[in-house]
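Trainee: Could you show me how to read a structure like this one, feature by feature?
Mentor: Sure, let's take a look.

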Amino acid sequence: MDCVHCGLPAPDGVRFCCHGCEAVWGALRGLGLPALPAFAPQPEEALLDDAASLARFTRREPDGTLEVELLIEGMRCAACAWLAGQAMLRVRGVREASVTFATRRARVRWDPATRLAAIVAAIRSVGYRAWPYAPGRIAMVEARERRTALRRLWVAGLGMMQVMMYAVPTYIAGEGEITADIESLMRWAGLLLTLPVVLYSAAPFFRGAARELSHARPGMDLPVALGILIAFGASAWATVAGHGAVYFDSVTMFVFLLLGGRYLELIARSRAGAALQHLARVEAASAERLSGPSRHDTEIVPLARLVPGDRVLVRTGESVPADGELEGPASEVNEAWLSGESRALERRPGESLTGGSVNAGRAFVMRVTRVGVDTAASSIRRLMERALEERPPWVAASERAGGIFVLAVLACAAAGAAAWWPSDPGRAVWIAVSILVVTCPCALALATPVTLVAASGALARRHFIVTRGGAIERLAAATDIVFDKTGTLTQGRPRVLSVESLSGCRPEDARSLAAALARASSHPLDRAIADCSDVPVRDAASHRNVPGEGVEAEVAGRRIRLGRAAFVAGLHGRRVPPHVASDATRVWLGDEAGWIATFRLGDAVRPEARQALEALRASGLRLHLLSGDGAGPVAAVAAQLGIALATAEATPQEKIEYVRALQQRGARVAMVGDGVNDAPVLAQADVSVAMGGGADLAQLRADAVLLSDDLADLARAGAIARRARSIVRQNLAWALGYNAIVIPVALAGWVTPLAAGLAMASSSLLVVANALRVSR
Amino acid sequence: MDILYLLIPLSIVLAGVIGAAFWMAVDGGQFDDLDGPAVRVVTDDDVPR
């Protein structure tokens, strides 16, 4: 059936080829006709206004208006965002509507008298579709965290600047230049402004310290909280009593700089999380389900109501709502979100589709096989979240060291104060404060996790998904890297390696002829032949498919067969030419007059493999090839890629033995495989990487997944992991050196609390900034 | 120097006002999207009538 508006082919039972046509057609009709039946809220949209879904998606603002976050599908550019925003603002009762193009989200505030369905319908009237969106767990937590952190930082910053104004005159004024009552006034002002900084901005440190105490595990918050508390308490006492030194300026500055470091850390984490949010965005919010076997009715259902077995219509430009199989017709999809591959990939009936891919070809019908948490997109998200939640050994070790360190610092502070108390009690207090403040356990407790999080963000941007907490450090430590062959170094599917002409015709003509026959078949070998032809394909008629044998068709009046030698020979009765070697998989092409050509097929090495392996070898890794395949193909691949250590015909048990033998010789083994068939050997290796392209992600047993299937990304991932390791080491070295110098100096009483705060905070900023370098 | 008796309390009030203004700005979501507004100036904002 053709599209009512533009006349292009539309799927059976659907009046439009795309939403654009539907919108324009509706708008045009709207000019001439009184009613716009197409844009009355659809039943599914009307459901949005029931109490339960309003409660689930909307927030009630203090002024009685409702606010909702909408996910808008189909936006292509910033102008689309503007258009969608305008459409919403024209609905009566909408107070505010802002659309963010980058996240495809809109925030709308409206009077409760207006129905949400009308707003959603208004967006549909301009050609986009909108669904209420319940933000993911991580995104929501992150947004709240960032707001709170920003507020605390600002309160501390404001307090710091203002308190410093009261402190500086007393520092620079000579004896007797400031009258006692002015000085007392400035002290009270300082106390008043330090109060919110200590009570509000520094609250996370006190909470952290309380948590550390209740778990009996001293961490970096404990000395910080003690330092703030002692310095503030002593200063407040001095203010009230009217004599003694005040350190309000030191307290506020210390809190401000420390919060600055934490804020940087938060940004690093959210950048790493951006990769996660990117995956969250690829999922559609709704799907167009075929409600009967007749293909004549579709209904829009929210994604949550889709079940396996449903048949779904995916229009041009829309995203595939769930994992499934293509029913027809053949189309093209773009899987850039998953693999980074920007070209659209051809998909034929029966082939699998990944939810989140975008339909770049014709509208098609698909059968849903997996929904919700089972889909590839959710699996990846879950794997990444798990990796972020797991506590990698590096972090655990540095936290243990941090705990011991903190105890030592507390002991030092107590000892320093005790030593100075007899001679000068006033000085003893601020020496204790200086020691508590100046020591910097952050390089131990803070910088390592920040480095790892930044590294996993950088890796995710290169389509290398870390699924286990310790994977980065173990990848950095690898000395040997063992590759599987099929699907890892090679593409895992047959390709035409060469064409030999047997009748004197040009190989290109043979290709074109063979492609004409192969197009109708879904056999992998025929697919390879159909794909290898870049010349115009000839027209073929009256196709006949003989399963297991080959294809027969008529091209320009000639009967032609493509397939096994015996099948093709049945047409002309000649013997197989003796000079053709039988070394590989072959497909034959012939007509009634005799043989035309033969195609040699095999598994081709990935085009980028050579360069990527070169890079891995240059970084000092020993390369191994370990395959269950026959000796011939394995040796060919090893020779082509320059791998000296190749083992063929290995059983799964032998593969495990091989890896174990390497490990007994002291090697740290990274294993790269397809992730499903070689799960046991992946488990034996120190760190395992699975090629994500073919694997069922939910079943995956690897420490990391290479979603792009691009070995160059593997080489880059190795480099990032090693950089992360060297940055962690730099930070540890810095922390040791810094503390070894400042603690004796502070014990001697040469460090004022102000200088201590400055030194400690700049040390932690330095360490965090260094950690962030990894993502560049 | 008597003016300090006025100016110092005033500075506290001022700090409070600035803090409150910033607080509202954060709650209003002004710092949530730091990239979008830079792009918004190039989009056409004439309201079609």
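Trainee: At what angle do the axes of helix α22 and helix α26 of chain A cross?
Mentor: Bear in mind that this is a predicted model. Helix α22 (residues 609–618) and helix α26 (residues 711–747) of chain A have axes that come within 8 Å, with a crossing of roughly 15 degrees. Angles under 35 degrees count as roughly parallel, so α22(A) is roughly parallel to α26(A). The crossing of α22(A) and α26(A) is left-handed.

Trainee: Which residues in α22(A) meet which in α26(A)?
Mentor: From α22(A), you have A609(A), Q611(A), A612(A), A615(A) and L616(A). Across from them, α26(A) brings in L711(A), A712(A), L714(A), A715(A) and G718(A).

Trainee: Now the sheet. In what order do the six strands sit?
Mentor: To read a sheet, walk across it from edge to edge. Here the order in chain A is β17-β22-β21-β20-β19-β18, with antiparallel pairing, and the sheet is open. β17 (490–501) and β18 (541–546) of chain A are the edge strands, each pairing on one side only. Going from one strand to the next, the twist averages 20 degrees.

Trainee: How many bridges join β19 to β20 of chain A?
Mentor: Six bridges link β19 (residues 550–555) with β20 (residues 558–563) of chain A, and the two run antiparallel. For one pair to find on screen, V555(A) has R558(A) in β20(A) as its bridge partner.

Trainee: Which helix of chain A packs on the sheet?
Mentor: That's α21 (residues 565–572) of chain A, which touches β18, β19, β20, β21 (585–591) and β22 (594–605) of chain A. The direction of α21 makes about 15 degrees with that of β21(A).

Trainee: And how should I think about a nonpolar core?
Mentor: In soluble globular proteins, nonpolar side chains tend to be buried together. In this model, the largest nonpolar core has 71 residues, and A455(A), A670(A) and A724(A) have the most contacts inside it. Setting aside neighbours within four places in sequence, A455(A) contacts I472(A), I720(A), A721(A), A724(A) and V774(A). There's also a second, separate core of 62 residues, with L158(A), F205(A), A234(A) and L258(A) among them.

Trainee: Zooming out, what share of the residues in chain A is buried?
Mentor: Of the 776 residues in chain A, 47% are buried. The chain's secondary structure comes to 27 helices and 27 strands. As for contacts in chain A with a separation of 6 or more, 66% are between residues 24 or more positions apart.

Note on methods:
Residues are numbered from 1 along each chain as its sequence is written. Chains are lettered from A and ligands numbered from 1 in the order in which they are written. This is a predicted model: local features need pLDDT of at least 70, side-chain atom pairs count only at pLDDT 80 or more; totals for chains, interfaces and linings use all residues. Helices (H or I, at least four residues) and strands (E, at least two) are DSSP runs, numbered from the N terminus. A residue is buried if 20 or more other C-beta atoms lie within 10 Å of its own, exposed if 12 or fewer, and partly exposed in between; C-beta atoms are placed from the backbone. Two residues are in contact if their C-beta atoms, placed from the backbone, lie within 7 Å. A nonpolar core is a set of buried Ala, Val, Leu, Ile, Met, Phe, Trp, Tyr and Cys residues joined through C-beta atoms within 7 Å. Two strands pair if DSSP finds at least two bridges between them. Axes are lines fitted to C-alpha atoms, for helices over the stretch in contact, and angles run from 0 to 180 degrees between N-to-C directions. Angles under 35 degrees count as roughly parallel, over 145 as roughly antiparallel, 65 to 115 as roughly perpendicular and the rest as oblique. A crossing is left-handed if the near helix is turned anticlockwise from the far one by less than a right angle, and right-handed if clockwise.
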